[in-house]
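Q: Please take a close look at one part of this model for me. I am new to it, so keep the sentences short.

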Amino acid sequence: MAAVAVAAASLENEKVGFISLVTRYLSGEAQEIEWSKIQTPTEEVVVPYDSLRPPPEDIESTKQLLDKLVVLKLNGGLGTTMGCTGPKSVIEVRDGLTFLDLIVVQIESLNAKYGCNVPLVLMNSFNTHDDTLKIVEKYSNSNIAIHTFNQSQYPRLVVEDFVPLPSKVQIGKDGWYPPGHGDVFPSLANSGKLDFFLSQGKEYVFVANSDNLGAIVDIKILSHLIHNQNEYCMEVTPKTLADVKGGTLISYEGRVQLLEIAQVPDEHVNEFKSIEKFKIFNTNNLWINLKAIKRLVEGDALKMEIIPNPKEVDGVKILQLETAAGAAIRFFDNAIGVNVPRSRFLPVKATSDLLLVQSDLYTLADGFLVRNKARTNPANPAIDLGPEFKKVSSFLSRFKSIPSIIDLDSLKVVGDVSFGANVVLEGKVVVTADPGEKLLIPDGRLVFINPPPR
């Protein structure tokens, strides 16, 4: 009966959340950014990672810290963009292990090493929930408590009259959508998991995308937050030219907040993209105090910027109203950013990223990807694979083995290209197959253009 009551209350809260989101959007509510008031955050607000004090060295003190932590992975996305079915987190990443396998092994290793009890929570969407429940059964004998909950399910809105699509057309799942990862706060509360973890003495939740292989538990960051009573921490990292559209942290009217490109006036967009003025971007690795989440959700205080996402379903123009978890930073007290090494941002969004993490740039230890010290360049190579490599199955079929890329600066592949075994790529490499032609790079071939200096 208690479970039924929680489910009913959750559904009612979800309805209230949807109505509130639509009302806010229709009212035109939006925070206008006055460009002249934007300030670069000081190192007290965006703390350099190297300046964090070392974590405790003894196992018992570390155990006490970790026992206050919950790890939450955003698990609502499908693998369709990479040609896979089901949750993206079950795509094999390396050595036959999936994203989810690696996450479980990482937390298991922590629990075993320190004798702690760090649970894993998966926030699913209605697209991934049923499959995920079946998948996690294989971890039943693992040294880790795994919890799941569903994020909200909102009806898509018909642009023409703003009526919910399911009330006009019977189209099943296509009439609904998960409203972005900003929904993590109310959904964690609505599911009953927030109160459960608070009753277990947990204090912080580490939230990250399930496809970011660099988003591992960092005891140094956790120790800093607990010691300084920071309610919210966003990990940021230095921008490169590939990240110019990423949201950045600013100081604005005495508070730290996220500035997204959609909020930037047209005349300042180029300035926003500059890596000279706005030098950092949001990794979406977030550390948040659980009691603060409870206070703000119960007070209906989390009014994050609404992201309108237009789409088309069966010829009908619709709108999805979404929010982002990073935008919540301005509502929390004593919120900070931590400027972390780039190694903590290793997302796999496409097969180009998969090539990086499957290569000899990394080795695998206890579920953690460890960068090869033989590579002296701190940046990873820029990989640009053509559409022939888009699907994971196509990608795998085109490599007899993953090439060595320790000394690679960049790789661009155009056309119907395949690679033999033990290929070595160095410098700036462009491989092009003429239209209608197949090109095979033979086994053991060293391929280079402008090779790096020896």
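The lining of the second largest cavity has 6 nonpolar, 3 polar and 1 charged residues. Which residues line this cavity, and which helix gives the most to the lining?

A: This is a predicted model. The second largest cavity is lined by Lys-73, Phe-99, Leu-102, Ile-103, Gln-106, Ser-210, Asn-212, Leu-213, Ala-215 and Ile-216. Helix 3 gives the most, with 4 residues. The volume of this cavity is about 40 Å³. By class, its lining splits into 6 nonpolar, 3 polar and 1 charged residues.

Now the other cavity. The count of cavities of 30 Å³ or more comes to 2. The largest has a volume of about 80 Å³. Its lining consists of Val-71, Lys-73, Ile-103, Gln-106, Ile-107, Leu-110, Phe-206, Ala-215, Ile-216, Val-217 and Phe-368. Lys-73, Ile-103, Gln-106, Ala-215 and Ile-216 appear in both linings. Here too, helix 3 gives the most, with 4 residues. Strand 3 and helix 3 each supply at least two residues. The classes in the lining of the largest cavity are 9 nonpolar, 1 polar and 1 charged.

Next, helix 3 itself. Helix 3 spans residues 99–114, and helix 2 spans residues 59–66. Their axes come within 9 Å and cross at roughly 135 degrees. The two helices are therefore oblique to each other. From helix 2, Ile-59, Thr-62, Lys-63 and Leu-66 take part in the contact. From helix 3, the partners are Leu-110, Lys-113 and Tyr-114. This contact has 4 nonpolar, 1 polar and 2 charged residues. Leu-110 thus has two roles: it meets helix 2, and it lines the largest cavity.

Then strand 3. Strand 3 belongs to an open sheet of 8 strands, in the order 2-18-12-15-11-3-6-7. The pairing is mixed. Strand 2 (46–48) and strand 7 (146–150) are the edge strands, and each pairs on one side only. On average, neighbouring strands are turned by 25 degrees against each other, direction ignored.

One end of the order holds strands 6 and 7. Strand 6 covers residues 120–124 and pairs with strand 7 in the parallel sense, over 5 bridges. Val-121 stands opposite His-147 in strand 7.

Last, a helix that meets the sheet. Helix 9 (residues 290–298) lies across strand 3 (69–75), strand 11 (204–209) and strand 15 (280–289). Helix 9 runs at about 90 degrees to strand 15.

Methods:
Residues numbered from 1 in each chain as written. Predicted model: local features only at pLDDT ≥ 70, side-chain atom pairs only at ≥ 80, totals over all residues. Heavy atoms only, no water. Axes fitted to C-alpha atoms, helices over the stretch in contact; angles between N-to-C directions. Parallel < 35°, antiparallel > 145°, perpendicular 65-115°, else oblique. Contact = heavy atoms within 4.5 Å. Nonpolar A, V, L, I, M, F, W, Y, C, P; charged D, E, K, R; others polar. Pairing = 2+ DSSP bridges. 1 Å grid on protein atoms, 1.4 Å probe; cavity = no way out; pocket = protein on both sides within 12 Å on 5 of 7 lines; lining within 4 Å. Points joined across faces, edges and corners; volume = space filled by probe spheres on them.
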